[in-house]
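Thanks, everyone. Let me walk you through one model this morning. Have the sequence and the coordinates open while I talk.

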Amino acid sequence: MATWLANLLQGCIDRKAQLAGRTIHGVILRHKDLFFDTFLSNRLIELYSKCGNLGYAHNVFDKMPKPDVYSWNAVLGCCCKAERLGEAEELFLRMPERNVVSWNTLIGALVRDGQEEKGLGVYEAMVSEGLVPTHFTLASVFSACGGLLDVEKGRKCHGLVVKIGLEEKVYVGNALLCMYAKCGVMRDAMQVFGDMAEPNEVTFTAMMGGLKQTDRVVEALEMFRLMCRKGVRVDSVSLSSMLGVCAKGCGESGGCDHSDEIPSNVNGQQIHGLTVKLGFEGDLHLNNSLLDMYAKSADMKSAEKVFSSIPGVSVVSWNVMITGYGLIFQSQKAIEYLRRMQSCGFEPDEVTYINLLAACVKSGDIKSGRQMFDNISRPNVMSWNAILSGYFQMEDHLEVIKLFREMQFQGVHPDRSTLAIALSSSAAMGILEAGKEIHAASHKAVSDTDIYVASALIGMYSKCGKTEMAKHIFHDMQELDVVCWNSMIAGLSLDSQDKEAFNYFKQMRQHEMLPTQFSYATILSCCAKLASSFQGKQVHAQITKDGYVSDVFVGSALIGMYCKCGDVDGARNFFDMMPSKSTVTWNEMIHGYAQNGRGDEAVLLYWDMIASAERPDAITFISILTACSHSGLVDAGIDIFNSMEHKHGVEPVLDHYTCIIDALGRAGRFQEAEVLLDEMPYKDDPVIWEVLLSSCRVHANVSLAKRAAEELIRLDPHNSAPYVLLANIYSSLGRWDEARAVRDLMIDKQVIKDPGYSWIEYEKMLEQVISILGTTLSRDESVYYGSQEPDQRCAVCMTDSQSWEAAGRIQFQSEGVSVAASTVLSLCSISIQMENMTTSIPDQITGIICFKMDVPASVDASNVLIFPSRDEELLGYVDVNFSSPATCFTFISDSVLTVKPSLNSSCSQPCLHQLL
């Protein structure tokens, strides 16, 4: 009778017939001898476990007089199936005896629940007890290794598989192959695949998934073709995986796989045809994969056809359609699908709102996106990231910070993407305090060594002017990627520490880190700001070696570098050789001509750009109008200015008005400039009035200069420019009392002019140039440039329309200015040597003194002083006294007409006087 009842219970187990099983259970309870039958009790536990009735299973187990290991395994399996892993672990520890099935049951349950680390810990304990793992054990272990991306542990288990002879088991081989594929080690996965005698559909599906994951779309397609040629059964899972491959190819290549020139959408259509041929057109999961493939290839018409043919759509189907319209930036169509979804009786889930939110964000419809976000009852981190990303793209950085704080108040832990967005917004606004708050939050949310967050922190601190803190984070990182290096170099460049940025670039190369396009663009910008053509050419050579010379982004940076270093012809040669050009490329070349005073060529290039059908943008017009302004092409500039909005749809902004006002002012056409000033919408911007005031100085237009200066002082009382420029105008006209009154007013209001600086390249070395041109100094004030070593070399250059020949050459780049160095004063022999020197200096500059000191590297060994112009109040002779530890320049007389070098041999110490 026991055997008969056992067979009946097995039938109930197979059919999940709980009611019939409970009837048999009643029969067993009425017969005392059957009640003590352990085999029947085990069958009852298995039945209730299969039917999901954990309480009944436990009751049977608890009343068993003598449960054996199979009884324990049965109730353990019941707990695992019910996902009550806490009870399962407790039960496992209480087991008087365990076999391989017990271990396999718990390991498998832990791995399926995402507790891979704990599962591997149980596996280690199993092996330590001397048990030999089975193919079921190893399949779970390989799954855990794949989930943790722990390829090293996976390889150890692979060795054990070979040792115990399970490598030919298809079940184990598939699990091993999946592990390597998930870890991205496709070479090992291919080797396992090649060693398998009879790969099945699971094997091929795993290989296709791994190749897709590693972006090897063409190889995944070939793998599917091999599967079909070998006659392996193609099931719905294989087709779904293959559609995922086609979708990835479409999403990453814009609908075309460029490696074999076959549009990925065509491959997807072929799989669609095979789906119909094999009779899977009613499979919902497969249809959803078809929708996904068409959506990612931006073929929403085909997606609509598939959607309308699905016999029973699901929420997933609606979500895919919403996502598809989001990908092609049609947020309103996505919202329409949401309404249709609700009208058909489907309740949108969180994924629906996240997809719709992403659709609105991608379409730039942040208002609708916010409504979708507010509809999510408990938004998760993905939802927060989507809305934060939307506001970041709209440059509403303040709202990003507000939302980040609200996210923290709601107890949602940010991930690395959240932190990167919030830090970027803090950097964009330059709000250091907000950045510090996010930095503190990052300590709790992610590891301190997270490269993604570290690069964002470096960028934030750099843009907020805290480069030392950025360096501290950079050097604390145990591992650095190219993004971290780029962030550090860009941060230093942004803080005008270009020499330091160049040193970091060299270190990056020494660490065998390959620069990216961004690396090269940043370091070329540093070369441009340093006016270092020598270093720029070195970088150009490295760019050619690394194969980035045809990159539009890098090419544009190269053109900018050559132009800013004064080699406009070199920039043009490179420009002409570029295989493809963007608007940025054209802008750089036009701007290069503009800043080097070659306006005619800039205008010609602008018309070439229009003829090439490249659309000019706002930057293009700033460049070309600057060129017209600096080269006196006023009428051409006015024509281009008037064509901006009417012909090219670019609305003029402040910078464009500034350029045209500057052009009119330089040409002395002040009446037209004033008419434009009265009509333009930027009357209260100080830049416009400063440009106009500079022009008034050139043309001695005192009345308009006074108006411009008054406007400037009203708008920005602490700006030194109106005081200095107006005083210069009075000085140039010999109105010394009025000039002195302006200077005194400047002193009374405590307005200070900061000295400017630039760089010179001298014998392939970069030296700093400090300018006090236009600096306000009262009589008997001194300017000190430190030198603690008496042994110095001094190069002195002066001009009053003379040309001198002297040794050496210094390239000093500013707008339209190049200076060739000058006189060498040897302090040892107390004599001036002049030979092989050419000087070309604008009339308004009367002198340049360059110091080159032989001092230790720890001491600042380079200073350059540009004298005030002859319009300045403080011109006279300069006593250069080298007897004191610091070099002292004392301005004595009020005015001077000419400046000529002379040596006073009667001085007890070496002196150089500038005499009338």
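**Cysteines, cores and salt bridges**

Start with Cys 527. Cys 527 is buried, at a relative accessible area of 0%. The closest cysteine sulfur to its own belongs to Cys 526, and the two sulfurs are 6.9 Å apart, too far for a bond. Keep in mind that this is a predicted model.

Now a second cysteine. Cys 145 is also buried, with a relative accessible area of 0%. Which cysteine sulfur is closest to that of Cys 145? The one in Cys 157, at 4.9 Å. A disulfide needs the two sulfurs within 2.5 Å, so Cys 145 and Cys 157 are too far apart for a bond. The count for the whole structure is 0 disulfides.

Let me step back to the chain. There are 916 residues, and 49% of them count as buried. The secondary structure comes to 45 helices and 13 strands. The exposed surface is about 43,600 Å², with 52% of it supplied by carbon and sulfur atoms. Now contacts. Take those with a separation of 6 or more: 60% of them join residues 24 or more positions apart.

Next, confidence. The average pLDDT for the chain is 76. A score of at least 70 is reached by 78% of the residues. Where does it drop? Residues 253-262 stay under 50. For that stretch the model has 18 contacts beyond four places in sequence. Then there is the stretch 769-916, where pLDDT is also below 50. Beyond near neighbours in sequence, residues 769-916 have 333 contacts in the model.

On to the interior. How many residues make up the largest nonpolar core? It has 124. Six residues have the most contacts inside that core: Ile 45, Phe 142, Tyr 180, Phe 224, Leu 291 and Met 321. Helix α6, residues 69-81, gives the most to this core, with 8 residues.

Zoom in on Ile 45. Leave out residues up to four places away in sequence. Ile 45 then touches Ala 57, Val 60, Phe 61 and Met 64. Ile 45 also touches Ser 71, Ala 74 and Val 75.

There is a second core, separate from that one, with 113 residues. Among its members are Ala 501, Met 578, Ala 594 and Tyr 730.

Now the charged pairs. The structure holds 27 salt bridges. I will show three of them, then a network.

First up, Glu 87 and Arg 84. Their closest N and O atoms are 2.5 Å apart. Are these residues buried, exposed or in between? Glu 87 is partly exposed at 30% relative accessible area. Arg 84 is partly exposed too, at 38%.

Next, Lys 471 with Glu 468. This salt bridge spans 3.6 Å, N to O. What separates the two along the chain? Both sit in helix α29, residues 467-476, and they are 3 residues apart, so about one helical turn lies between them. The two ends have opposite surroundings. Lys 471 is buried, with 13% relative accessible area, whereas Glu 468 is exposed at 54%.

Then Arg 669 and Glu 672. Their side chains meet at 2.8 Å, N to O. Arg 669 is partly exposed, at 24% relative accessible area. Glu 672 is partly exposed as well, at 36%.

Here is the network. Glu 152, Arg 155 and Asp 188 are joined into one by salt bridges that share partners.

Last topic: backbone angles. Two residues to look at.

Ser 496 is not a glycine, yet its phi is positive, near 65°. Where does Ser 496 sit? In the loop between α30, residues 482-494, and α31, residues 498-510. Ser 496 is partly exposed, with a relative accessible area of 39%.

Glu 512 is the other one. Its phi is about 60°, again positive without being a glycine. Glu 512 lies in the loop between α31 and α32, the latter covering residues 517-529. At 73% relative accessible area, Glu 512 counts as exposed.

To recap. The cores hold 124 residues and 113 residues. There are 27 salt bridges and 0 disulfides. For residues 769-916, remember the pLDDT below 50. That is it from me.

How values were computed. Residues numbered from 1 in each chain as written. Predicted model: local features only at pLDDT ≥ 70, side-chain atom pairs only at ≥ 80, totals over all residues. Heavy atoms only, no water. Salt bridge = Lys/Arg side-chain N within 4 Å of Asp/Glu carboxyl O. Buried < 20%, exposed > 50% of the residue type's maximum accessible area, 1.4 Å probe, protein only. Helix = DSSP H or I, 4+ residues; strand = E, 2+ residues; numbered from the N terminus. Contact = heavy atoms within 4.5 Å. Areas by Shrake-Rupley, 256 points an atom, 1.4 Å probe, with all protein chains shown as cover. pLDDT = per-residue confidence, 0-100. Core = buried A, V, L, I, M, F, W, Y, C linked by side-chain atoms within 4.5 Å.
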